[in-house]
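Student: I would like to study this protein through a series of questions. May we begin with the terms and then turn to the residues?

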Amino acid sequence: MPERVEERGPERERAEGTGQAGGRGGLLSAFGLAEVYNPSMVPTLQPGDQLVVQYGAAVRPGDVVVLRHPFRQDLLIVKRAVRRDEGGWWVQGDNPYVRNDSREFGAVPDELVIARAWARVRPPRGIQRSPRALLSWAVSAVRPVRADRSLSRRLRAR
């Protein structure tokens, strides 16, 4: 199943139109939203989650990133940056059953990594309209996307 991420916000035109991903228009224009459509990052991200992303941010191992698929550059995907290789970033999904990542297409060149995820916003799904249910959703809906710094060591140990 092909993977897909949809960008939203003012950066979409700049990222798709010119290939540039940066904050020329000020601090707020360097941020945008991306929607997750596929299960490659389960359990960290679910289909339907929104990501607050920063375009042109420095990437470190363990960060969740939005990138262009190396073979289909019109397709945006979300993966975890595992390690830096000669050819670019080795990226993998958190879901071991989905292999649409560097295990299939190799290292991803730096210019294809367009954004780093900072926070996940989970939309309300089937919640009741009671104040308690809404408060519970609000507390859990927005979470930082934490970098798993130990991921690369765990992957090598297997």
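Tutor: A nonpolar core is a set of buried Ala, Val, Leu, Ile, Met, Phe, Trp, Tyr and Cys residues joined through side-chain atoms within 4.5 Å. Buried means under 20% relative accessible area, exposed means over 50%, and partly exposed lies in between (1.4 Å probe, protein chains only). The model is predicted, so local features need pLDDT of at least 70 and side-chain atom pairs count only at pLDDT 80 or more, while totals for chains, interfaces and linings use all residues. Residues are numbered from 1 along each chain as its sequence is written, and side-chain values use heavy atoms, with hydrogens and water left out.

Student: How many helices and strands does the protein have?

Tutor: Helices (H or I, at least four residues) and strands (E, at least two) are DSSP runs, numbered from the N terminus. From that end on, the elements run β-α-β-β-β-β-β-α-β-α-β-α. The protein therefore has, with elements defined as DSSP runs, four helices and eight strands.

Student: Which residues have the most contacts inside the largest nonpolar core?

Tutor: This core has 15 residues. The elements that give two or more residues to the core are β2 (31-36), β3 (50-55), β4 (64-68), β5 (76-85) and β7 (113-121). A second, separate core of 12 residues includes Val59, Ile77, Phe105 and Val108. In the largest core, the residues with the most contacts are Leu45, Leu51, Val53, Val64, Val66 and Val78.

Student: Is β5 enclosed or open, and how many of its residues are buried?

Tutor: Two strands pair if DSSP finds at least two bridges between them. β5 pairs in the antiparallel sense with β4 over five bridges, and with strand β6 (residues 88-92), again antiparallel, over five bridges. A hairpin of two residues joins β5 to β6. β5 is largely enclosed by the rest of the structure, because the number of its 10 residues that are buried is seven.

Student: Which residue of β5 is the bridge partner of Leu67?

Tutor: Leu67 falls within β4 (64-68), and β4 pairs with β5 in the antiparallel sense. The bridge partner of Leu67 in β5 is Ile77.

Student: With which strands does β7 pair?

Tutor: β7 is mostly covered, as seven of its nine residues are buried. Six bridges link it with β3, where Tyr55 has Ala115 as partner, and three bridges link it with β4, where Val65 stands opposite Arg116. Three bridges also link β7 with strand β8 (residues 142-144), and Arg120 stands opposite Arg143 there. Each pairing is antiparallel, and the partners of β7 are β3, β4 and β8.

Student: Why does the aromatic pair tie together distant parts of the sequence, and how many residues apart are they?

Tutor: Rings of Phe, Tyr and Trp (its six-membered ring) pair if their centres lie within 6.5 Å; planes under 30 degrees apart count as stacked, over 60 as edge-to-face and the rest as tilted. Phe71 and Phe105 form an edge-to-face pair, 6.4 Å centre to centre with 85 degrees between the planes. Phe71 is exposed at 63% relative accessible area, whereas Phe105 is buried at 10%. Phe71 lies in the loop between β4 and β5 and Phe105 in helix α2 (residues 102-105), so the parts joined are apart in sequence by 34 residues.

Student: Which ring lies under the charged end of Arg83?

Tutor: A charge sits over a ring if NZ of Lys or CZ of Arg is within 6 Å of the ring centre and within 35 degrees of the ring normal. Arg116 lies over the face of Trp118, at 4.1 Å from the ring centre. The charged end of Arg83 sits 4.7 Å from the centre of the ring of Trp90.

Student: With which side chains does the side chain of Asp94 make polar contacts?

Tutor: A polar contact is a pair of N or O atoms within 3.5 Å; within protein, one must be able to donate a hydrogen and the other to accept it, and residues adjacent in sequence count only if both atoms are side-chain atoms. Asp94 lies in the loop between β6 and α2. Its side chain makes such contacts at 2.4 Å and 2.7 Å, respectively with Thr44 and Arg80.
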